[in-house]
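Hi,

Here is the structure I promised you. Please open it next to this email and follow along.

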Amino acid sequence: MIDNDLISKYAYLDKSAMLARVFSYPNDLKDAVSRYSGLKLQFEVPKPLKGITIAGMGGSFIGAFFLQDLLQDKWELPLFAIKDICLPAFIDRHHLLVAVSYSGNTEETIRIIVEACKKGVPTVAVTSGGLIAEHAEKLGYPVVKLPPGLAPRAAFPYILTALTAIMDYVIPSTNLTQSVAEAASFLERHCDNLLHIALDLSEWMLQNYLTNRLLVVYGYRPYLSACYRLKTQINENAKFHVFFSELPESNHNEIMGWEAPSNLFTLTVRANEEPPHLRYRMEFLLKLWSERGVPFREVRPAKGNRLEELISLFYIFDLASVLLALKRGVDPTPVETISQLKKYLDIRINLRDVLKLL
Ligand code: PA5
């Protein structure tokens, strides 16, 4: 459950209460389910529907990646997750675009929406406000509202559930939002154990960072979104560099780097029941790292269905990244360099003009 002692211990540093926010994921998921389940949207689902594309950046992208891990090998309908500034050319009127931007002011997502509107691609926006909400009526797309006042990455439970509710609206047989509600209860039942894993992991990462090592997070489908989440959460919360590497692809190129001395340490996300083709690769890598003196760890999700496993990994990693920040003495919430970049761009690019291009 919520560890109030830990929250009090770091209250002096965690000024915007990021730790408490992550502890409240089970409640946030439940709140999100009550807000979004049974969602009705004012737009025509294309017939035939050739695919769904979810676009967003950073904290507003990760929900799309999560859904890909969840559905890609189960759904026949193509599901694209894009973190980019332009719309792939194959997306036409027979696709649905879901554009996610927590602030509603992200240039890349606004440009994608503008392109989609020009091409007549049916679009739904998920946002807490900003220009994307302001222009929705004029440009003719419905908006699913996110609650205001959160850091985009902390809005993950709401973004994920808004996306599942949109999927359920478009393909009513999916019932994904009900599974999110069940996953929230699963998280409640497992959160004590997951906190122990996160505490241990954050300490191990801190000790390695303090010896000037850099982390590489490895993983394979269907856990890539969780690995990427750990990378981006350490970047934004703890303000450290981290690299993310996909298996088995990195067995075909990046693995050569271990022939040179390095200052890396590794964390690999592994399935509870790993098929032999992946287990053999892992055995090889673990032996390689041992021989070369590379510190390594493995993390496995709590045992459950795929959605529950992914949620458990997100919970461990979000907590571990916040704890890593607090243990190294930084406030997890501010992302000063990202804010400076956004200000720099704001002076040079008028997004209202981009919206007028239509
Ligand atoms: O976590 C963050 O603050 C960032 O990764 C943002 O999510 C990213 O810059 C995109 O902004 P927004 O989520 O408002 O579209």
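First, a term you will need: helices (H or I, at least four residues) and strands (E, at least two) are DSSP runs, numbered from the N terminus. Also keep in mind that this is a predicted model.

Now to the loops. Start at Ala 17, in the loop between helix H1 (4–9) and helix H2 (18–23). Ala 17 is not a glycine, yet its phi is positive, near 60°. Is Ala 17 buried, exposed or partly exposed? Its relative accessibility is 36%, so it counts as partly exposed. The cut-offs are under 20% for buried and over 50% for exposed, with partly exposed in between.

Asn 175 also has a positive phi, about 55°, and it is not a glycine. Look for Asn 175 in the loop between H8 and helix H9 (176–210). Asn 175 has a relative accessible area of 47%, so it is partly exposed.

Next, two cis peptide bonds. One runs from Lys 47 to Pro 48, with omega near -5°. Pro 48 lies in the loop between helix H3 (25–36) and strand E1 (51–55). Another cis bond runs from Arg 221 to Pro 222, and there omega is near 5°. Pro 222 is in the loop between strand E6 (214–219) and helix H10 (224–238).

Then the ligand. Where does the ligand sit? The ligand is in the largest pocket. Which residues surround the ligand? From the early part of the numbering come Met 57, Gly 58, Gly 59 and Ser 60. Ser 101, Tyr 102, Ser 103 and Thr 106 are there too. Pro 152, Arg 153, Glu 236 and Lys 342 complete the shell. By type, this shell has three nonpolar, six polar and three charged residues.

Three side chains deserve a look, each with a polar atom by a ligand oxygen:

- Ser 101: a polar side-chain atom is 2.7 Å from an oxygen atom of the ligand.
- Glu 236: the distance from a polar side-chain atom to a ligand oxygen atom is 2.6 Å.
- Lys 342: an N or O atom of the side chain is 2.7 Å from an oxygen atom of the ligand.

How much of the ligand does the protein cover? On its own, the ligand has 370 Å² of accessible area, and the protein covers 92% of that.

Last, a few residues in helices. Thr 164 is in helix H8 (residues 156–170). Its relative accessible area is 1%, so Thr 164 is buried. What does the side chain of Thr 164 make a polar contact with? The partner is the side chain of Thr 177, at 3.1 Å.

Leu 201 belongs to helix H9. With a relative accessible area of 3%, Leu 201 is buried. Now find Leu 319. Leu 201 and Leu 319 are 118 residues apart in sequence. In space, their C-alpha atoms are 9.6 Å apart.

Glu 115 is part of helix H5 (residues 107–119). At 27% relative accessibility, Glu 115 is partly exposed. Try one more pair, Glu 115 and Ala 89. These two are 26 residues apart along the chain, and 9.9 Å separates their C-alpha atoms.

That is the tour. Start with the ligand if time is short.

Best wishes

Terms used: Residues are numbered from 1 along each chain as its sequence is written. This is a predicted model: local features need pLDDT of at least 70, side-chain atom pairs count only at pLDDT 80 or more; totals for chains, interfaces and linings use all residues. Side-chain values use heavy atoms; hydrogens and water are left out. A residue is near a molecule or strand if one of its heavy atoms lies within 4 Å of it. A polar contact is a pair of N or O atoms within 3.5 Å; within protein, one must be able to donate a hydrogen and the other to accept it, and residues adjacent in sequence count only if both atoms are side-chain atoms. Accessible areas come from the Shrake-Rupley method with a 1.4 Å probe; for residues, only the protein chains shown count as cover. On a 1 Å grid over the protein atoms alone, a cavity is a set of points where a 1.4 Å probe fits but cannot get out, and a pocket is an open set with protein on both sides within 12 Å along at least five of seven lines; lining residues have an atom within 4 Å of a point. A molecule sits in a cavity or pocket if more than half of its atoms lie within 2 Å of its grid points. Ala, Val, Leu, Ile, Met, Phe, Trp, Tyr, Cys and Pro count as nonpolar, Asp, Glu, Lys and Arg as charged, and the others, Gly among them, as polar. Buried means under 20% relative accessible area, exposed over 50%, partly exposed in between (1.4 Å probe, protein chains only).
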